[in-house]
Amino acid sequence: MAKVRIGIVGSRFQADCIAASVKAMPEEMEVVAVASPTKGNADDFAKRHGIPRAYSDYREMLRDPAVEMISITAPNNLHAQITIDAAKAGKHVVCEKPLCVTLEEADAMIDACRQAGVLLLYAEELFFAPKYVKAKQMADEGAFGKIHLVKQGEKHSGPHSGWFWDVNKSGGGALMDLGCHGIAFCWWFLGRQKVKSVYSHMANMHHRDSTEGDDEAITIMEFENGAIGMVESSWNRPGGMDDSIEVFGDKGQTYADMLMGNALPTYSEVGFGYAVEKASSTKGWTYPVFEEHWNYGFPQEMRHFARCVRGKETPISDGETGRVVQEVLYAAYASAGLGRKISLPFRPKGIAKPIDLWKKPELAKAAL
Ligand SMILES: NC(=O)c1ccc[n+]([C@@H]2O[C@H](COP(=O)([O-])OP(=O)(O)OC[C@H]3O[C@@H](n4cnc5c(N)ncnc54)[C@H](O)[C@@H]3O)[C@@H](O)[C@H]2O)c1
């Protein structure tokens, strides 16, 4: 079968990751175009990755018949419009996390793709991370008995691009940026059960000068069978990205440290090129990772999505998955605003961005 032909929207951090991940699975797919608005960026990106076409406007790329599926690696506040435009143009969509900013956007994205008969695929790579997949296989086999607690943490020293810090573009802080992974992870790991309630404590500990967003959040989800998901999200952890899980049941437990646990404990007095995402130094003791994209699951995720387009596999992460996460994000911000547990379903209408439910608790109260 012909390779799935992908157009990438965006040309920086995540776009590089997607282009490299597609290249790692050349039998299923190829990147045929890139679109990015800043002058010269799409051309440079195309040159760097050997991509034949570069556009400065994604709408132009959507008219290109060579493109079958797009991968959206633009800021969060653009995900919904780009998805809806792509659906109208008959292109399948891979959307980076979080799915969007508001629940209304999530509904509109899902509807647009359904009406157009295209796939809306939610890029949650933790469902494909080899260590986490192994942990889930063991859990599903019964290795840990009845699971009562799943924890996921994602922590680093803060985002690399200005728009993440601007809540009008991102929709929120560390919880929106990193917590969306943990929410999806716990839900997936525990078999996609309904989330019964959400409690979250958050703060801006060290970044008041650069953002109105939360830089620290601890979120507890209660699932229908009583199991607990605990998500730790932080922009206050120097030393490089930390992504890890812990799983506890009445018959056992497992721990997985995705990056440091797959690294080379290294000491260097002079330093070297690169250790791990967001590490500020390579001098002294460090934990350089190898096969970083593979450890996260990005190539495996894109391969799965390409196979879904060809009807060889059924999506394990789609628009509905993104909407589940979005509702928990709303509930978490509302919980932090009101200082209490929020029961789901929780679908307040007309909220401009999730973080407003924390900053303006009256909005959260009105929605109860
Ligand atoms: N899955 C993951 O682990 C992961 C990691 C990083 C980022 N992301 C997500 O990917 C998305 C992009 O993040 P990033 O880190 O690459 O940000 P970035 O700032 O590095 O790149 C954003 C890109 O979007 C482009 N862009 C801005 N406006 C645009 C427009 N109107 N049309 C087309 N492109 C436009 C910018 O030019 C830039 O190339 C975000 O939603 C982010 O949450 C996911």
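User: In strand 11, which residue is the bridge partner of Ile147?
Analyst: Gly249 is the bridge partner of Ile147 there. Keep in mind that this is a predicted model.

User: And how do strand 7 and strand 11 pair, parallel or antiparallel?
Analyst: Antiparallel, over eight bridges. Strand 11 covers residues 242–249.

User: What holds paired strands together in general?
Analyst: Strands of a sheet pair through backbone hydrogen bonds, and the sense can be parallel or antiparallel.

User: OK, what about strand 7 and strand 10? Parallel or antiparallel?
Analyst: Parallel. Strand 7 (residues 147–155) pairs with strand 10 (residues 228–234) over seven bridges.

User: Which residue in strand 10 stands opposite Gln152?
Analyst: Val231 does.

User: How does strand 10 pair with strand 9?
Analyst: In the antiparallel sense, again with a count of seven bridges. Strand 9 runs over residues 216–223. One bridge there links Met221 with Gly229 of strand 10.

User: How many residues lie between the strands in that hairpin of strand 9 and strand 10?
Analyst: Four. Gly226, in this hairpin, takes a positive phi near 95°.

User: Zoom out. What is the strand order in the open sheet of seven strands?
Analyst: The order is 12-11-7-10-9-8-15, and the pairing is mixed.

User: Which are the edge strands?
Analyst: Strand 12 (252–257) and strand 15 (342–343). Each of these pairs on one side only.

User: New topic, the ligand. Where does it sit?
Analyst: The ligand occupies the largest pocket. Two elements give two or more residues each to the shell around the ligand: helix 1 (13–23) and helix 7 (162–165).

User: Which of the 24 residues around the ligand come nearest?
Analyst: Ser11, Gln14, Asn76, His160 and Ser161.

User: How do the shell residues divide into nonpolar, polar and charged?
Analyst: Ten are nonpolar, ten are polar and four are charged.

User: What is 2.5 Å from the side chain of Ser161?
Analyst: An oxygen atom of the ligand, with that distance taken to an N or O atom in the Ser161 side chain. The protein buries 88% of the 840 Å² that the ligand exposes when taken alone.

User: What about backbone atoms? How far is a polar one of Phe13 from a ligand oxygen?
Analyst: For Phe13 the distance is 3.1 Å. Ala74 also has a backbone N or O atom by a ligand oxygen, at 3.3 Å.

User: Switching again. Which residue does a cis peptide bond join to Lys97?
Analyst: Pro98, with omega at about -15°. Pro98 is in the loop between strand 5 (92–96) and helix 5 (103–116).

User: And what about the peptide bond from Leu344 to Pro345, cis or trans?
Analyst: Cis, with omega near 0°. Pro345 belongs to the loop between strand 15 and helix 13 (356–359).

User: Why point out cis bonds and positive phi values?
Analyst: Because most peptide bonds are trans, and most residues other than glycine have a negative phi.

User: So what is the phi of Arg192, positive or negative?
Analyst: Positive, about 60°, although Arg192 is not a glycine.

User: Where is Arg192 found?
Analyst: In the loop between helix 9 (174–189) and strand 8 (195–203).

Key:
Residues are numbered from 1 along each chain as its sequence is written. This is a predicted model: local features need pLDDT of at least 70, side-chain atom pairs count only at pLDDT 80 or more; totals for chains, interfaces and linings use all residues. Side-chain values use heavy atoms; hydrogens and water are left out. A residue is near a molecule or strand if one of its heavy atoms lies within 4 Å of it. A polar contact is a pair of N or O atoms within 3.5 Å; within protein, one must be able to donate a hydrogen and the other to accept it, and residues adjacent in sequence count only if both atoms are side-chain atoms. Accessible areas come from the Shrake-Rupley method with a 1.4 Å probe; for residues, only the protein chains shown count as cover. On a 1 Å grid over the protein atoms alone, a cavity is a set of points where a 1.4 Å probe fits but cannot get out, and a pocket is an open set with protein on both sides within 12 Å along at least five of seven lines; lining residues have an atom within 4 Å of a point. A molecule sits in a cavity or pocket if more than half of its atoms lie within 2 Å of its grid points. Ala, Val, Leu, Ile, Met, Phe, Trp, Tyr, Cys and Pro count as nonpolar, Asp, Glu, Lys and Arg as charged, and the others, Gly among them, as polar. Two strands pair if DSSP finds at least two bridges between them.
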